[in-house]
Amino acid sequence: MRPGEGPEPPSIAVVGGGFSGVAVAAQLLRRGRPVRVTLVNRFGPLGRGVAYRTRLEAHVLNVPAGGMSGLPDDPEHFLRWARGRDPATTAETYVSRRQYGEYLEFLLREAEGVKAGVLERVVGEVLDIETDAEGVCLTFADGSKRRVDRVVLALGNYSPANPPAEGADFYSSERYVRDPWIRGSLDVIRPGESVLMLGTGLTALDIAVDLAGRGVKLPLRAVSRHGLLPHPHAPAKTGPHPPPELVDPPLTARGLVRAVRGATKSLDGNWRAAVNALRPATPGIWEELDVTERSRFLRHARPYWDVHRHRAAPATRAAVERMRESGELQIRAARVLRYETTGDGVRVLIRPRGTARTEPLFVERVVNCTGPSSDVRRIGDRLLDALCKRGLVAPDLLGLGLEVSDELALLGSDGRPSRTLYLVGPLLKAKFWEATAVPELRKHAAFIAERLLP
Ligand SMILES: Cc1cc2nc3c(=O)[nH]c(=O)nc-3n(C[C@H](O)[C@H](O)[C@H](O)COP(=O)(O)OP(=O)(O)OC[C@H]3O[C@@H](n4cnc5c(N)ncnc54)[C@H](O)[C@@H]3O)c2cc1C
């Protein structure tokens, strides 16, 4: 529609240009309706976010190419794009995350080709959002303002939280890297320096490979409460029906763990198939669990769930296994109790799991690999804080994200769904638990676009 030809098309701002923001913008444009979409991200280019801005080719997707389409109704969309680049790519290939970022730019450009809507890309940081009867007003870090009809928050993954420990002022020292995914943050670590990684999940695997390549002093050390590493992916086809144990499983943390164990048994020990079978049902189960059972699950089962559900690309996992077997990587199941800075490094006091004794580790650098933080009350992000202060959002009780309605509209502090603010991305874990990876996020993006442009 040209200016003057009719009523103004609806205007929708998407704040956050990682996977989720790009997927929502693309879905809005692909609906083929007049719409003005403003996609805002702190930095360019779009589509990188935290996950896809790494430049290291060894940082590959942890989902094979066949599962990474940005479009739920076109499951081979990414595979076709990747094959256009490298005809040898199959549905089982683990493509680099850097390339996936390029794919997301393509996804957006392709959606722009639909032409009915208009996309404006804005590089900037939104610091505040106000709502009134007319719509929504965004305030940017440079002081500028912009009015739109509705807003989708796609704010994504935040830097890891600092694990509680004595001597926490160490966290403000230059020997500590809080977020290894901030580009250049690992550059302070010099070859030959000794390093302790906090956490042994997917981030730790990637960072171990990265640090080893930088020539840090070996062995590299890693510590986490349980000392568990993510399992590798392996073929695990699930039949058309979920195993009987997973149909209407008991709605308690303990009952669910038993159900997955039972299903694994009926699947001849194939736990991957049991975990895969549970995945589509997980959001429904999570919504049914009361807060006590959710919190029991988080306390007791989460570390085990994480390493079975969030599996690693086989090559990454194998590289780390080789480091571990050769003694280049030492993993401890322990809790960090205290930091004491010394002239030439830091003395980290740990308590090995299941013991009452303490043990010191001396290292020159500590890197936090505990994964993204989702506790909105503690993240310390200016936009989230402003939204909380205005009562426009309600953090969930368990620190997993923000409360939303079934339409994915944000609930305010009064518990009522907003008519103008929506949420997509990992902060939806509060509602669905399973809201981290592309296969779920692309569905949420399509769902919101359909609600906003019916
Ligand atoms: C290291 C890593 C690797 C991963 N690998 C995979 C994988 O292989 N496969 C998979 O399926 N999933 C993977 N994930 C899961 C990942 O969460 C999702 O795939 C997806 O990338 C999440 O995208 P997002 O847009 O919601 O969040 P993000 O990628 O975090 O993007 C959010 C964006 O919003 C911007 N932003 C935030 N606040 C503001 C503001 N106030 N103003 C302007 N901009 C703002 C941020 O700067 C950022 O660019 C990975 C996650 C991580 C952390």
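Over how many bridges do strand 4 and strand 5 pair in the antiparallel sense? In this predicted model, strand 4 and strand 5, the latter made up of residues 135-140, pair over six bridges. One residue pair gives an example, for Asp-128 has Thr-139, in strand 5, as its bridge partner.

These two strands belong to an open sheet of three strands, which are arranged in the order 4-5-6 with antiparallel pairing. Strand 4 (126-132) and strand 6 (145-148) stand at the edges and have a single partner strand each, so one side of each is left without a neighbour in the sheet. On average, and with direction ignored, neighbouring strands of this sheet are turned by 20° against each other.

Two helices can be read next with their burial in mind, and the table sets them out.

| Helix | Residues | Buried residues |
|---|---|---|
| Helix 1 | 19-30 | 11 of 12 residues |
| Helix 6 | 271-278 | seven of eight residues |

Helix 1 reaches 16 Å from its first C-alpha to its last, which is close to the 16 Å expected for its 12 residues at 1.5 Å a residue. The helix is mostly covered, and its buried residues include Phe-19, Val-22, Ala-26 and Leu-29. The elements against which these buried residues pack come from several parts of the chain, among them strand 1 (11-15), strand 2 (36-41), helix 3 (97-112) and helix 13 (438-452). Just after helix 1, Gly-32 takes a positive phi of about 70°.

Helix 3, one of the elements that pack against the buried residues of helix 1, contains Leu-104. Is Leu-104 buried or exposed? Leu-104 has a relative accessible area of 0%, and because buried means under 20%, this residue counts as buried. When its neighbours within four places in sequence are left aside, Leu-104 is in contact with Phe-19, Val-22, Gly-47 and Tyr-52; of these contact partners, Phe-19 and Val-22 are buried residues in helix 1. The C-alpha atoms of Leu-104 and Ala-13 are separated by 18 Å, while the two residues lie 91 residues apart along the chain.

Helix 6 is largely enclosed by the rest of the structure, because seven of its eight residues are buried. Trp-271, Arg-272 and Leu-278 are among the buried residues of this helix, as are Ala-273 and Val-275. The cover over the buried residues of helix 6 includes helix 5 (253-266), helix 7 (282-288) and helix 8 (291-309).

Technical notes: Residues are numbered from 1 along each chain as its sequence is written. This is a predicted model: local features need pLDDT of at least 70, side-chain atom pairs count only at pLDDT 80 or more; totals for chains, interfaces and linings use all residues. Side-chain values use heavy atoms; hydrogens and water are left out. Helices (H or I, at least four residues) and strands (E, at least two) are DSSP runs, numbered from the N terminus. The expected span of a helix is 1.5 Å times one less than its number of residues. Buried means under 20% relative accessible area, exposed over 50%, partly exposed in between (1.4 Å probe, protein chains only). Contact means heavy atoms within 4.5 Å. Two strands pair if DSSP finds at least two bridges between them. Axes are lines fitted to C-alpha atoms, for helices over the stretch in contact, and angles run from 0 to 180 degrees between N-to-C directions.
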